[in-house]
Amino acid sequence: MSLSTEHLLGIKYLNKQDIDLIFKTADHFKAVINRPIKKVPSLRDITIANLFFENSTRTKLSFELAEKRLSADVINFSASQSSVKKGETLIDTVNNILAMKVDIVVMRHPNVGAGVFLSKHVDAKIINAGDGTHEHPTQALLDSYSIREKLGSVKGKKIVIVGDVLHSRVALSNIFALQLQGAKVKVCGPTTLIPKHITSLGVEVETNLKKALEWCDVANVLRVQNERMAINYFPSTREYTQLFGINQEILDNLGKKIVIMHPGPINRGVEITSDVADSDQSIILNQVENGVAVRMAVIYLLAQQIKR
Ligand code: CP
């Protein structure tokens, strides 16, 4: 079995069989990384470059660990400490890195479509680790994998994505991934932070947090991404928290236990309180743990397509 795509540029380029294959492969790697010896020799002949043009904690370290667990050679590139600062273009930068015999490029970039652009201009496999406000495919894969692990399946589950959907690449990738697997998706947040076109994707909008939480099995909570806002989309953080912040009292009044997710980083006390983030309803750290196995699966499956 092979992925239907040469790169991982976005969930919109995957089909359901691809996701099933990634999850089956991730199941295998999750067992591997829970062994005393957490490495396999599978990718000893593969070299991977991690190019991060934006800050990252989870994604960057998770990719690096996934690559090392697969025994690939790994180089890391941080734009802020590179010759990008001297005006070198993206294509020149990547072609120079590829001249060092690199096979796979993992890239986070602030511009929408940066991964697609790169895939058309360089001879390497590209994995999108987040492109602007567009897609974050491995985050959506690890999110669905974590729902599947917690609830047995994604099919038929009701997921609400709460918060700043407008500036979120996690939201779009999650919508595509969840719908491919037969989940129902709603978004909930201030109308100014919900993209106008979202209903054309078959997603319902709910602006009442209580109603959204009463409906769902899982709430995936997003941070308000102030760093992406040229103007204020909401009067104040305090008002945002009053209307859309999730606290334990709201959850206790639902009369059922929903699953709480968050891609991180968390703004504790704004979109979610610490007691909720750290509660037994939260699978936030399971998401992070699963990220390594899911990224191992993606890298391994793409590497199988490389002709040695
Ligand atoms: N979830 C996520 O993308 O986190 P980082 O920005 O820390 O990588």
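Begin by colouring the two domains of this predicted model. Select residues 11-135 together with 288-303 for domain 1, and residues 137-287 for domain 2, as the domain assignment of the protein gives them. The contact between them draws 31 residues from domain 1 and 29 residues from domain 2. If a centre is placed on the C-alpha atoms of each domain, the two centres stand 25 Å apart.

Next, select the ligand and keep both domain colours visible. Each of the two domains, domain 1 (11-135 + 288-303) and domain 2 (137-287), gives residues to the shell around the ligand, and the ligand therefore lies between them. With a pocket display switched on, the space that the ligand takes appears as the largest pocket.

Now show the surrounding residues as sticks: Ser56, Thr57, Arg58, Thr59, Arg108, His136, Gln139, Pro263 and Gly264. Coloured by residue class, this shell shows one nonpolar, six polar and two charged residues.

Three distances may then be displayed in turn. Start at Ser56, where a polar side-chain atom is placed 2.6 Å from an oxygen atom of the ligand. Move to Thr59, which also has a polar side-chain atom 2.6 Å from an oxygen atom of the ligand. Finish at Pro263, whose contribution comes from the backbone: a polar atom there is 2.8 Å from a nitrogen atom of the ligand.

Finally, turn on the surface of the protein. How much of the area that the ligand exposes when taken alone does the protein bury? The ligand by itself exposes 250 Å², of which the protein buries 91%.

How values were computed: Residues are numbered from 1 along each chain as its sequence is written. This is a predicted model: local features need pLDDT of at least 70, side-chain atom pairs count only at pLDDT 80 or more; totals for chains, interfaces and linings use all residues. Side-chain values use heavy atoms; hydrogens and water are left out. A residue is near a molecule or strand if one of its heavy atoms lies within 4 Å of it. A polar contact is a pair of N or O atoms within 3.5 Å; within protein, one must be able to donate a hydrogen and the other to accept it, and residues adjacent in sequence count only if both atoms are side-chain atoms. Accessible areas come from the Shrake-Rupley method with a 1.4 Å probe; for residues, only the protein chains shown count as cover. On a 1 Å grid over the protein atoms alone, a cavity is a set of points where a 1.4 Å probe fits but cannot get out, and a pocket is an open set with protein on both sides within 12 Å along at least five of seven lines; lining residues have an atom within 4 Å of a point. A molecule sits in a cavity or pocket if more than half of its atoms lie within 2 Å of its grid points. Ala, Val, Leu, Ile, Met, Phe, Trp, Tyr, Cys and Pro count as nonpolar, Asp, Glu, Lys and Arg as charged, and the others, Gly among them, as polar. Domain bounds come from an automatic or database domain assignment. Contact means heavy atoms within 4.5 Å.
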